[in-house]
Structures are given as structure tokens and as C-alpha cells.
Amino acid sequence: MDLGLTGKVAIVGGGSDGLGFAIADRLLTEGAFVTIFARRAEKVAAAAAQLADKYGREQILGLAADCSVDADIERVTAATLERFGPAVHVLVTNDGGPPIRRICELTDDVWLTAFERHFFYVVRSVRATLPHMTTEGGSILNVVSGVAQRPAVGMAAPATVWSAVIGYAQTLALEAGPHNINVNTLLTGYFDTPLIAKTIDRQPELSKTRLGSGLPMGRIGQPREFADLVGALVSPNLRFVTGAVVPVDGGASIGMGVSFDSAAASK
């Protein structure tokens with residue numbers, strides 16, 4: 001199926017690894033021109049080189065930029081327009097998450113940093129990009145954690161910040177819809193990314209198998225599975241889908257994969 005992304009211009013945050021890299025790879029497969037950015041210059045350069053070897057250097061632009069710095073967001077947009085032309089058709093916001101701490105440990109500085117890095121990143125990216133989405137329309141997609149709808153102990157900052165992103169995105173969908181721009185949000189579950197690897201390193205009792213065993217699908221997801229859905233949602237073919245908040249979590253949001261023996265329960 002042709003997603004209609006050939007020749008379109010996309011900006012993907014956090015594109016040096018994990019879900020962001022998989023998204024960039026998927027969009028490039030469809031013939032899009034893609035800018036990726038992340039904070040660490042060496043990782044962005046390596047990711048861009050890998051994608052350039054696969055798709056051609058003319059298709060990819062890699063930039064070191066801090067999503068919490070307004071000037072950096074403006075620079076990413078300006079460099080994208082200079083490299084690929086006068087329009088941006090796809091914006092994917094994606095960047096890690098706030099720290100995992102109990103509420104009593106969250107100082108004002110931690111809260112302010114969390115909102116600066118993760119909520120205002122979305123606001124500033126939209127502000128920089130929206131004026132350059134053409135009369136043919138465009139797509140804005142935000143990647144946030146599923147804790148926005150399924151809070152957990154220690155997840156107050158992520159749950160709060162991502163909930164704010166969802167509210168902002170749905171309001172933006174109302175305002176951008178008349179301009180043929182759709183806005184959607186994907187809620188992530190467990191995926192086989194460097195972030196999960198770091199979590200497992202910090203908590204040796206965890207493993208990919210254990211994390212996946214409690215899910216209805218019985219496993220954690222692969223980044224390409226997430227990227228395939230992103231490709232569809234930012235396609236002009238699905239422009240009518242807007243304001244959606246979609247869990248991509250192997251069924252975690254509908255319940256855990258635990259079964260009960262009805263015969264044993266009746267004894």
C-alpha cells in the first residue's frame with residue numbers, strides 16, 4: 001500500500017535510536033525526506049550515517065539539538081526548510097520521559113524541568129513547524145508513555161506531563177483540522193529499545209521475557225511495529241483520523257494476560 005509519503009518532508013525527534021530511529025527508517029522507506037535530531041551529536045551523526053547508507057545522503061539530515069531549548073527547535077525547523085524545501089509535512093515529537101520518582105521526591109525544579117523538556121518541547125515544535133505545513137495539509141504525531149492513562153507508583157511526573165501533552169494535542173486537533181492537518185498521540189508500552197535495556201540494567205530482576213509475559217500478547221514490542229503505525233497515521237490517506245489517543249502496548253491498556261481457572265474458583 002502506497003502511503004503517499006514520497007517526497008514529503010518530516011521532522012522526527014529523538015531519532016538517534018529506539019522508536020525515533022525506527023520511525024525515521026519507516027518514513028524513509030516510503031520515500032520521505034527526514035530530519036532527525038537528538039541531544040548527543042555523536043549518536044545523531046552515527047544514526048544519520050546509517051540511514052544515509054541505506055537510503056542516500058540526499059534523503060536524511062541529522063542534527064544535534066536539545067528539545068528543551070527553544071532556539072534549537074527553531075534551528076532544526078530552519079535547517080530542514082533550507083535542506084528540503086519550503087514545507088514540512090510531518091512532525092513527530094518523541095523524547096524520552098521525565099524522571100521516575102515518588103511524589104515526595106519531586107521538587108519544583110524537577111517539575112519545571114520535566115515540563116520544559118517534554119511539554120514545552122511539543123508546544124515549541126508545533127509553533128515552529130505549523131506555519132510551514134502546506135495548503136495540502138500535514139500531520140503532527142506525539143509519542144508519549146502509556147502511564148498518561150495508566151499511572152504507577154513513581155510515575156507522577158511522566159503521567160502529569162504526558163497528560164498535558166494529550167490535552168494540548170486534542171485541542172490542537174480542533175484548531176488545525178480546518179487546515180487539513182491532523183494531530184494524534186500514541187501511547188507506548190514496552191518496546192525492545194535502548195531505554196528498556198537501561199531499565200533492565202538498573203533492575204536485574206527484570207528481563208524482556210518477564211516484562212512481556214504479563215501482557216496479553218505475551219511479549220514486548222519491536223520498534224518496527226510501532227513505526228508501521230506511525231507511517232500509517234501520518235499518511236495523507238488517514239488524514240481523517242485526528243484527535244486520537246491510541247495505545248500501542250500489546251494489550252496492556254485492556255488488562256494483563258492473567259487467566260483464572262473457573263473450576264478451581266468454584267471449589
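Select helix 4 (residues 108–129) and helix 5 first: they pack at an angle of about 20°, and their axes are 10 Å apart. This is a predicted model. Angles under 35 degrees count as roughly parallel, so helix 4 and helix 5 are roughly parallel to each other. Their crossing is right-handed.

Now show the side chains between them. On helix 4, pick Trp 111, Ala 114, Phe 115, His 118, Phe 119, Val 122, Val 123 and Val 126. They meet Ala 156, Ala 157, Thr 160, Val 161, Trp 162, Ala 164, Val 165, Tyr 168 and Leu 172 in helix 5. Colour this contact by class: 15 residues are nonpolar, 2 are polar and none is charged.

**Next stop: Val 147**

Stay by helix 5 (156–176) and select Val 147, in the loop between strand 5 (138–145) and that helix. Is Val 147 buried or exposed? Its relative accessible area is 12%, so Val 147 is buried. What does Val 147 touch, leaving out residues up to four places away in sequence? The answer is Met 155, Pro 158, Ala 159 and Trp 162. Click the C-alpha atoms of Val 147 and Pro 158: they are 6.9 Å apart in space, and the two residues are 11 apart in sequence. Trp 162 is worth a second look, as one of the helix 5 residues that meet helix 4.

**Next stop: helix 1**

Select helix 1 (residues 18–29) and helix 8 (residues 223–233). They pack at an angle of about 50°, with axes 8 Å apart. That makes helix 1 oblique to helix 8. Helix 1 passes helix 8 in a right-handed crossing. Helix 1 brings Gly 18, Leu 19, Ala 22, Ile 23, Asp 25, Arg 26 and Leu 27 to the contact. Helix 8 brings Pro 223, Arg 224, Phe 226, Ala 227, Asp 228, Val 230 and Gly 231. By class, this contact has 8 nonpolar, 2 polar and 4 charged residues.

Keep helix 1 and add helix 2 (41–55). The axes of helix 1 and helix 2 come within 11 Å and cross at roughly 20°. Helix 1 and helix 2 are therefore roughly parallel to each other. Here, too, the crossing is right-handed. Select Phe 21, Ala 24, Asp 25, Leu 28 and Thr 29 in helix 1. Their partners in helix 2 are Ala 47, Gln 50, Leu 51, Lys 54 and Tyr 55. The contact divides into 6 nonpolar, 2 polar and 2 charged residues. Asp 25 takes part in the contact with helix 8 and in the one with helix 2.

**Next stop: the loop after helix 2**

Move on to the loop between helix 2 and strand 3 (60–64), where you will find Gln 59 and Arg 57. Which of the words buried or exposed fits each? Gln 59 has a relative accessible area of 13%, so Gln 59 is buried. Arg 57 is at 58% relative accessibility, so Arg 57 counts as exposed.

Compare their contacts, leaving aside residues up to four places away in sequence. Gln 59 touches Leu 28, Gly 31, Ala 32, Phe 33, Val 34 and Phe 84. Arg 57 is in contact with Ala 52 and Arg 83. The C-alpha atoms of Arg 57 and Phe 33 are 10.0 Å apart, with their places 24 residues apart along the chain.

**Last stop: confidence**

Colour the chain by pLDDT. Its mean is 92, and 95% of the residues reach 70 or more. Then select residues 262–267, where pLDDT stays under 50. The model has 0 contacts for this stretch beyond four places in sequence.

Key. Residues are numbered from 1 along each chain as its sequence is written. This is a predicted model: local features need pLDDT of at least 70, side-chain atom pairs count only at pLDDT 80 or more; totals for chains, interfaces and linings use all residues. Side-chain values use heavy atoms; hydrogens and water are left out. Axes are lines fitted to C-alpha atoms, for helices over the stretch in contact, and angles run from 0 to 180 degrees between N-to-C directions. Helices (H or I, at least four residues) and strands (E, at least two) are DSSP runs, numbered from the N terminus. Angles under 35 degrees count as roughly parallel, over 145 as roughly antiparallel, 65 to 115 as roughly perpendicular and the rest as oblique. A crossing is left-handed if the near helix is turned anticlockwise from the far one by less than a right angle, and right-handed if clockwise. Contact means heavy atoms within 4.5 Å. Ala, Val, Leu, Ile, Met, Phe, Trp, Tyr, Cys and Pro count as nonpolar, Asp, Glu, Lys and Arg as charged, and the others, Gly among them, as polar. Buried means under 20% relative accessible area, exposed over 50%, partly exposed in between (1.4 Å probe, protein chains only). pLDDT is the predictor's confidence in each residue, from 0 to 100.
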